[in-house]
Amino acid sequence: MNRNIVIRTQLHSKVADLLRSQILLQSKPGDKLEGERDLAARFGVSVGTLREALRSLAQEGLLTRRHGSGTFVSDRSGDQHVGILIELEVSHPRASRFHLRAGQELKDYLLAHGVPARLYLGRTQPGSVSLQVTCPEFRHELAAGRLSAVATIVAPWGREWLASIEKQGLPVVGLWTDTLPCRVDLDYPGMVAQGTRYLMEHGRHKLALLGWGDRTQTQTFRRVMEAAGIRSREAWICSELNPSLPGAGWEEFREMWVSGAEKPDGLLVLDDMLFDDVKTAILEMGIRVPEQLTVVTHANKGAGLTAPFPFARAEFDPDKSARELGGLLLKLIRKEPVDSPVVTQGFQWCVPEEDLIRFVPVTHAEAVE
């Protein structure tokens with residue numbers, strides 16, 4: 001390609017980006033832009049380059065060009081919608097179905113309340129993080145001013161990706177995203193505390209934990225055992241497993257079981273994909289459950305988590321997550337007061353039918369103390 005053409009293309013794209021930002025932040029539908037020569041002089045480019053920038057913004061639907069009248073800011077209200085971002089490769093075989101289910105339910109919830117919404121799927125692999133949005137359609141719609149609000153089921157890491165959203169002043173909520181002031185958190189501390197207490201109530205005092213990505217989980221695990229006078233064994237606490245790696249839970253649990261004469265008698269698994277790995281290891285090694293080992297795991301409601309042995313589980317409901325997020329976002333869109341910008345979603349405690357013992361649930365407040 002001719003070098004001059006490349007430079008010209010880069011230049012008109014840069015002018016289009018600057019104009020787009022100005023329009024989204026300062027203009028309203030129907031506003032007329034300056035004349036082409038004035039705009040070209042302001043940006044220090046030729047009229048030809050300026051026209052190419054205007055043409056690209058018109059193709060996006062941001063501008064309307066009227067022959068003999070000038071260029072006007074388009075009315076985008078009919079095209080605007082809530083962008084529901086799942087920054088995750090949901091087609092990955094190790095991706096939890098929770099996120100896609102929550103996103104679809106949130107879209108249906110908003111549509112039922114008269115708010116148009118669309119799903120946007122990223123390409124970040126399970127267990128990995130991205131600093132930017134990897135979905136080009138989301139980036140394009142955001143840049144074109146077609147998003148009225150944003151909800152994240154899985155968000156990029158940090159705050160860098162939020163800059164363009166905040167510049168436009170869009171309402172934004174997220175699931176389990178501590179960089180957002182308005183969000184829904186899953187009560188993982190409560191789940192860890194209740195699961196640990198359940199094991200101890202069953203006379204299990206040599207406890208192991210398998211999880212990933214959250215230091216507060218292991219802190220809660222240690223704190224509950226310490227309060228009960230039970231010593232934690234660091235070799236049996238693993239919170240850095242990547243659930244996207246096949247066999248990660250199998251390998252780690254097997255190492256815990258065969259590395260010494262002493263073996264854990266209680267196991268808390270904090271990811272449903274890791275539980276499938278652990279289940280395989282338990283069956284391959286012939287471990288008797290619950291005689292030798294009592295098992296508690298995280299689960300997602302409706303995912304159909306099964307095993308040929310009894311286990312207790314704490315279920316989080318993706319439909320409830322969607323309703324909580326949707327209710328929070330509707331208030332922001334309607335500029336209604338928000339009683340609590342952070343909603344903590346609880347879980348449903350499920351135990352084997354033969355194990356319906358009296359058990360005192362742990363509240364979120366107790367878990368994080």
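**View 1. Gly-266 meets Thr-294 where strands 10 and 11 pair.** In this predicted model, Gly-266 has Thr-294 of strand 11 as its bridge partner. Strands 10 and 11 run parallel and are joined by 4 bridges. Now look at the side chains of strand 10, which covers residues 266-269. Gly-266 and Leu-268 point one way, Leu-267 and Val-269 point the other way, and all of them are buried.

**View 2. On to strand 8, with Leu-210 and Val-269 in the frame.** Strand 10 also pairs with strand 8 (residues 207-210), again in parallel, through 4 bridges. To find your way, start at Leu-210 and step across to its bridge partner in strand 10, Val-269.

**View 3. The open sheet of 6 strands.** Pull back a little and you get the order 9-8-10-11-12-14, with mixed pairing. Which strands sit at the edges? They are strand 9 (237-238) and strand 14 (348-350), each of which pairs on one side only. Strand 11 (residues 294-300) and strand 12 (residues 312-316) run parallel, joined by 5 bridges. A handy landmark for that pair is Val-296, which stands opposite Ala-312 of strand 12.

**View 4. Asp-277, an acidic residue tucked under cover in helix 10.** Helix 10 takes in residues 272-284, and Asp-277 is part of it. Is Asp-277 buried or exposed? Asp-277 counts as buried because its relative accessibility is 8%, and the cut-off for buried is under 20%. Leaving aside residues up to four places away in sequence, Asp-277 touches Arg-94 as well as the run Leu-245, Pro-246, Gly-247, Ala-248, Gly-249 and Trp-250.

**View 5. Strand 6, covered on both faces.** This strand is made up of residues 172-175. Val-172 and Gly-174 lie on one side, Val-173 and Leu-175 on the other, and all four are buried. Strand 5 (residues 147-154) runs parallel to strand 6, and 3 bridges join the two. Here you can pick out Ala-151, which stands opposite Val-173 of strand 6. Strand 6 also runs parallel to strand 7 (residues 183-186), this time with 2 bridges between them. Gly-174 has Arg-183 of strand 7 as its bridge partner.

**View 6. Ile-86 and the residues around it.** Ile-86 belongs to strand 3, which spans residues 81-86. Why does Ile-86 count as buried? Its relative accessibility is 0%, so it falls in the buried class. Not counting residues up to four places away in sequence, the residues that Ile-86 touches include His-99, Leu-100 and Gly-103. Also among them are Leu-119, Tyr-120, Leu-121 and Gly-122, along with Ile-153 and Val-154. If you want a distance to check, Ile-86 and Arg-123 are 9.1 Å apart from C-alpha to C-alpha, with their positions 37 residues apart in sequence.

**View 7. Zooming out to put the close-ups in place.** The chain has 12 helices and 14 strands in total. Its C-alpha trace spans about 85 × 50 × 30 Å along the principal axes. The radius of gyration is 26 Å, whereas a compact globule of 369 residues would come out near 21 Å. Buried residues make up 48% of the chain. For contacts between residues at least 6 apart in sequence, 71% link residues at least 24 apart. As for charge, the mean positions of the 44 positive and 47 negative charges are 7 Å apart.

Notes
Residues are numbered from 1 along each chain as its sequence is written. This is a predicted model: local features need pLDDT of at least 70, side-chain atom pairs count only at pLDDT 80 or more; totals for chains, interfaces and linings use all residues. Side-chain values use heavy atoms; hydrogens and water are left out. The radius of gyration is taken over C-alpha atoms; the globule rule is 2.2 Å times the number of residues to the power 0.38. Buried means under 20% relative accessible area, exposed over 50%, partly exposed in between (1.4 Å probe, protein chains only). Contact means heavy atoms within 4.5 Å. Lys and Arg count as positive and Asp and Glu as negative; His and the chain ends are not counted. The place of a charge is taken as NZ of Lys, CZ of Arg, CG of Asp or CD of Glu. Two strands pair if DSSP finds at least two bridges between them.
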